[in-house]
Amino acid sequence: MLGEDERSRARRAFLRALMAFPAAVVIDSVQGASAQPKVRPTPACGAAAGITPSQTEGPYFKPSSPLRTSLLDPGIGGTKIVIEGSVMSTECRPLARVLIDIWQADARGDYDNVGYRLRGHQFTDDGGHYRVETIVPGAYPGRTRHFHVKLQAPGRPVLTTQLYFPGEPGNQRDAIFHPDLLMRLHDGETGKVGQFDFVLDLSAAARRS
Ligand code: FE
């Protein structure tokens, strides 16, 4: 992603190019430069291989988490992060009203197993989007940094999975880590932003989860 300085440098370079090169060449270069930061990564749907893998629930899931899009309760320390993206079918159709339940460790790697700190659920909007404000979880013994997530389209089975951070040294030492569950991570205005698009297999037979 281009920073402000890089963008203004790119603009100056473009103006120089405008004066120096034939129009066709300039148009080509402008399209290339302007398209790159705006294009969202291609959704990982459309093939069986794109289905979001399931992962173990682990020992710390609690049902009945609060309905909320921010887990930033007073007193929560740590680096802020927004997790956002879409939930889609294998045909790349956005899925509305999908339940997304997220639970995680705090910055020190501890879970709240008494209350509901750093736990919450929400539903995707009409465009299949979700967005949650929270903090970067700490790693804890035996596990690399991760979020836990459960998703459920209306009347469909629950998918239990996890999300991971790129560039974490602990990823390769964690037997549960799966590279298909890496978020796209960048710095936003108020903290980090992790993007991930989930792909649900709606043809999967309903079963108790
Ligand atoms: Fe965990």
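**Strand pairing, core and iron site in a predicted model**

Strands β7 (residues 184–187) and β8 (residues 192–195) pair in the antiparallel sense, with 4 bridges between them. At the turn end of this pair, D187 finds its bridge partner in K192 of β8. The hairpin of β7 and β8 has 4 residues between the strands, and G191 there takes a positive phi near 155 degrees. The model described here is a predicted one, and what follows is best read with the structure in view.

A second hairpin is formed by β5 and β6. These strands run antiparallel and are joined by 7 bridges. Q152 is bridged to V158 in β6. Between the strands of this hairpin lie 5 residues, and G155 takes a positive phi near 75 degrees. Strand β6 is also notable for its burial: 6 of its 7 residues are buried, so the strand is largely enclosed by the rest of the structure.

Turning to the overall layout, the protein has 2 helices and 9 strands. Along the sequence the order is α-α-β-β-β-β-β-β-β-β-β, with both helices ahead of the strands. The protein has 209 residues, and 38% of them count as buried. Its accessible surface comes to about 11,800 Å², and carbon and sulfur atoms account for 55% of that area. Contacts often reach across the sequence: among those between residues at least 6 apart, 70% join residues at least 24 apart.

In soluble globular proteins, nonpolar side chains tend to be buried together. In this model, the largest nonpolar core has 28 residues, and V87 and L151 have the most contacts inside it. At least two residues of this core come from each of β1 (80–89), β2 (99–103), β4 (129–135), β5 (146–152), β6 (158–164) and β9 (198–200). The surroundings of V87 give a good picture of how these parts meet. Leaving aside residues up to four places away in sequence, V87 touches R93, P94, L95, V98, I100, T124, G128, Y130, L151, F198 and L200. One of these neighbours, L151, is the other residue named for its contacts within the core.

The iron site brings together four side chains. Y111 and Y140 each coordinate the iron ion through OH, while H146 and H148 do so through NE2, at 1.9 to 2.1 Å. Where do the two tyrosines sit along the chain? Y111 lies in the loop between β2 and β3 (119–123), whereas Y140 lies in the loop between β4 and β5, so this pair ties together parts that are 29 residues apart in sequence. Both Y111 and Y140 are buried. The spacing of the donor residues reads Y-x28-Y-x5-H-x1-H.

Why is the arrangement around the iron ion irregular? The 4 donor atoms subtend angles of 90 to 152 degrees. A tetrahedral assignment needs all angles between 85 and 135 degrees, and a square planar one needs opposite donors over 155 degrees apart. The upper end of the range, 152 degrees, meets neither requirement, and the arrangement is therefore irregular. For reference, the ideal angle for four tetrahedral donors is 109.5 degrees.

Several loop residues also deserve a look. The loop between α2 (23–38) and β1 holds L72, and S65 is placed in the loop between α2 and β1 as well. S65 counts as buried at 6% relative accessibility, while L72 is partly exposed, with a relative accessible area of 30%. Apart from residues up to four places away in sequence, S65 touches D101, Y116, R119, G120 and H121. With that sequence limit again applied, L72 touches K80, E133, T134 and I135. L72 and R119 are 47 residues apart along the chain, and their C-alpha atoms are separated by 9.9 Å.

The loop between β1 and β2 contains C92 and R97. Neither is a glycine, yet C92 has a positive phi of about 65 degrees and R97 a positive phi near 60 degrees. C92 is partly exposed, with a relative accessible area of 36%.

Definitions and conventions. Residues numbered from 1 in each chain as written. Predicted model: local features only at pLDDT ≥ 70, side-chain atom pairs only at ≥ 80, totals over all residues. Heavy atoms only, no water. Core = buried A, V, L, I, M, F, W, Y, C linked by side-chain atoms within 4.5 Å. Buried < 20%, exposed > 50% of the residue type's maximum accessible area, 1.4 Å probe, protein only. Contact = heavy atoms within 4.5 Å. Areas by Shrake-Rupley, 256 points an atom, 1.4 Å probe, with all protein chains shown as cover. Donors = N, O, S within 2.8 Å, 3.2 Å for Na, K, Ca; no water. Tetrahedral: all angles 85-135°; square planar, octahedral: opposite > 155°, others 65-115°. Pairing = 2+ DSSP bridges.
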